[in-house]
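Let's take a walk through this one together, going from the inside outwards. Have the viewer open and follow along.

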Amino acid sequence: MNLCYKYKSSIFFILLVILAIKAIEAQQPAKLFAVLPSYCPTPDAFAIAPDGRLILSCPNFADNNQLGVLVRIAENGAISKFANVPVLEESGKAQPMGIAFDEHGVLYVCDNQSKGRLLSMTFDNDSLVKTEVVAYNFKSINGIRYHEGALYVTQTSLPKFNTKGVSSGVYRFNSSDRNIKMNNDATDANLIYSEETKNPDRQVGIDGLVFDQDGHLIIGNLGDARLTKLFLSKEGSVIKTELYAQLPLNSAPDGIHTDNDGNIYVAGFAQNQIFKIDHNKEVQLLAEYPDNNGANGELDQPADLIVYNGKLVISNFDLMVTKGMKNSTHGKPYTLSYIDLK
C-alpha cells in the first residue's frame, strides 16, 4: 500500500512539474530573432519601409565612441547597415530613436540629444541623398508616427512647464515643415497635447504612440503606465481624450504597436514584459522575464515592438539600470526577440 501511494504521489508530482513548465512556456513565448552587430549596442525603434523591409534605429547610448546608426533586417534576421544619421555639428553626435516612413519612402527620424532634431531623410536606391531638418532644439524628442501627411512626435519631459510632476507632450508637424525651432514650453505652436506624470517613483512622461484603425492616436505615459486615446480634428488638434488602458504601475510602457485586427501591443520596459490589449480593452500579459542577457531570445528591457510577417519583433534596449528596473547590467549579446502571432 505504501509503495502504491508513493508511486501515485511521484506521478502526481511529475504531472505538476510538467504543468508548471507548460504554464511558464505559455507566459514566456519569446524567441531569438537576431543577434545584432557590435555597432548596435542599444537597439530602439522599428519602422517598415514602403517596400516591406524592416528598419531599426540604434542610438548607441551605451557607447559614446559610436554614432547612432540605422540598420536593415531581413526576414530571416540577417542584419546589414542601412544608413548613418548625419550628426549635429554642435555636438558631433546623432542618436536616432523613433523612426517613421511616409508613403514615398522618406524616413523621419527623432534625433534624441540635448538639442534634438526631427530629421527628414530622402533615399535613392538605399543611398542617402538628402537630409533636412523639420524641427530642432527638442529637449527630449522620442517617439514618432506618420499619419495622413503629418508627423506626431513625443517629448518625454518638458521641464519649463514647472509642474509638480514632470510634464510631457505630443507635437504635430506637417511633413513639409522645415527648420522650426522648439521652445519646449507652452509657446510651441506645434504642441497639441501635454500632461503631468503623477507617479512619484517614476517621473517620466509620454513615450510611445500609435494610431488605431479609426485614426485615433493612442499614447503611453511611461511613468503612470497609462494609455490615453486622443481624438483628433481634421487639422490634427486634440478635441477629446479618454483613458484607453491602465497597465501595472511598475511596467513602464514604452513602444506601442497595433496589428490588422486592432489589437494593441505594448513593451513593458521596466519589468521585461509584453502586453496585449484587445478590442474590449482587456489587458493580457503575453510575456514576462526575469533579469537576463537575452542570449536565448528572452526579453531584456524591451523598448519597441512591431508586427512583421506574423511575428511581434521586439528590440532589447538592455541599458537602464535604475530603481524599479529588472535590468541589472548592459552587455552582449545585443539582441532582438520575437513572439509568433500565428
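**Charged pairs, cores and a sheet**

Start with Glu196, which counts as partly exposed at 24% relative accessibility. Its salt-bridge partner is Lys198, with the closest N and O atoms 3.4 Å apart. Lys198 itself is exposed, because its relative accessible area is 58% and the cut-off for that label is over 50%. Keep in mind as you go that this is a predicted model.

That pair is part of a wider picture, since the structure holds 13 salt bridges. Side chains of opposite charge can pair when their charged atoms come close. Another example is Glu132 with Lys130, where the closest N and O atoms are 3.9 Å apart. Here Glu132 is partly exposed at a relative accessible area of 25%, and Lys130 is also classed as partly exposed, at 42%.

Now for a pair that reaches across the chain. Asp126 and Arg72 meet through their side chains in a salt bridge, 3.1 Å from N to O. This one ties together distant parts of the chain: Asp126 sits in the loop between β8 (116–124) and β9, while Arg72 belongs to strand β4 (residues 69–73), 54 residues apart. Is each partner buried or exposed? Asp126 is partly exposed, with a relative accessible area of 31%. Arg72, on the other hand, is buried, because its 18% relative accessible area falls under the 20% cut-off. Through shared partners, salt bridges join Asp51, Arg53, Arg72 and Asp126 into one network.

Which residues does Phe82 touch? Leaving out neighbours within four places in sequence, Phe82 is in contact with Arg53, Arg72 and Asp126, and also with Ile55, Leu70, Val71, Leu107 and Phe123. So three members of that charged network, Arg53, Arg72 and Asp126, are among the contacts of Phe82, and Phe82 is itself buried, with a relative accessible area of 8%. You'll find Phe82 in strand β5 (residues 79–84). For a sense of scale, the C-alpha atoms of Phe82 and Ala252 are separated by 30 Å, with their positions 170 residues apart along the chain.

On to the greasy parts. The largest nonpolar core has 18 residues, and those with the most contacts inside it are Leu118, Phe138, Ile144, Leu151, Val153 and Phe173. At least two residues of this core come from each of β7 (107–111), β9 (127–138), β10 (141–147), β11 (150–155) and β12 (167–174). Apart from it lies another core, of 17 residues, including Phe33, Leu54, Tyr308 and Tyr338.

Leu118 is a good place to pause. Not counting residues up to four places away in sequence, Leu118 touches Phe138, Ile144, Leu151, Val153 and Phe173, and its list also takes in Val109, Cys110, Val133, Val134, Ala135 and Ile141. Glu132 is on that list too, and that's the residue we met in the salt bridge with Lys130.

Finally, look at the open sheet of four strands, which has the order β19-β20-β21-β22 and antiparallel pairing. Its edge strands are β19 (253–258) and β22 (283–288), each pairing on one side only. On average, neighbouring strands here are turned by 20° against each other, direction ignored. Zoom in on β19 and β20 (residues 264–268): they run antiparallel and are joined by four bridges. Within that pairing, Pro253 stands opposite Gly268 in β20.

Terms used: Residues are numbered from 1 along each chain as its sequence is written. This is a predicted model: local features need pLDDT of at least 70, side-chain atom pairs count only at pLDDT 80 or more; totals for chains, interfaces and linings use all residues. Side-chain values use heavy atoms; hydrogens and water are left out. A nonpolar core is a set of buried Ala, Val, Leu, Ile, Met, Phe, Trp, Tyr and Cys residues joined through side-chain atoms within 4.5 Å. Buried means under 20% relative accessible area, exposed over 50%, partly exposed in between (1.4 Å probe, protein chains only). Contact means heavy atoms within 4.5 Å. Two strands pair if DSSP finds at least two bridges between them. Axes are lines fitted to C-alpha atoms, for helices over the stretch in contact, and angles run from 0 to 180 degrees between N-to-C directions. A salt bridge is a side-chain nitrogen of Lys or Arg within 4 Å of a carboxyl oxygen of Asp or Glu.
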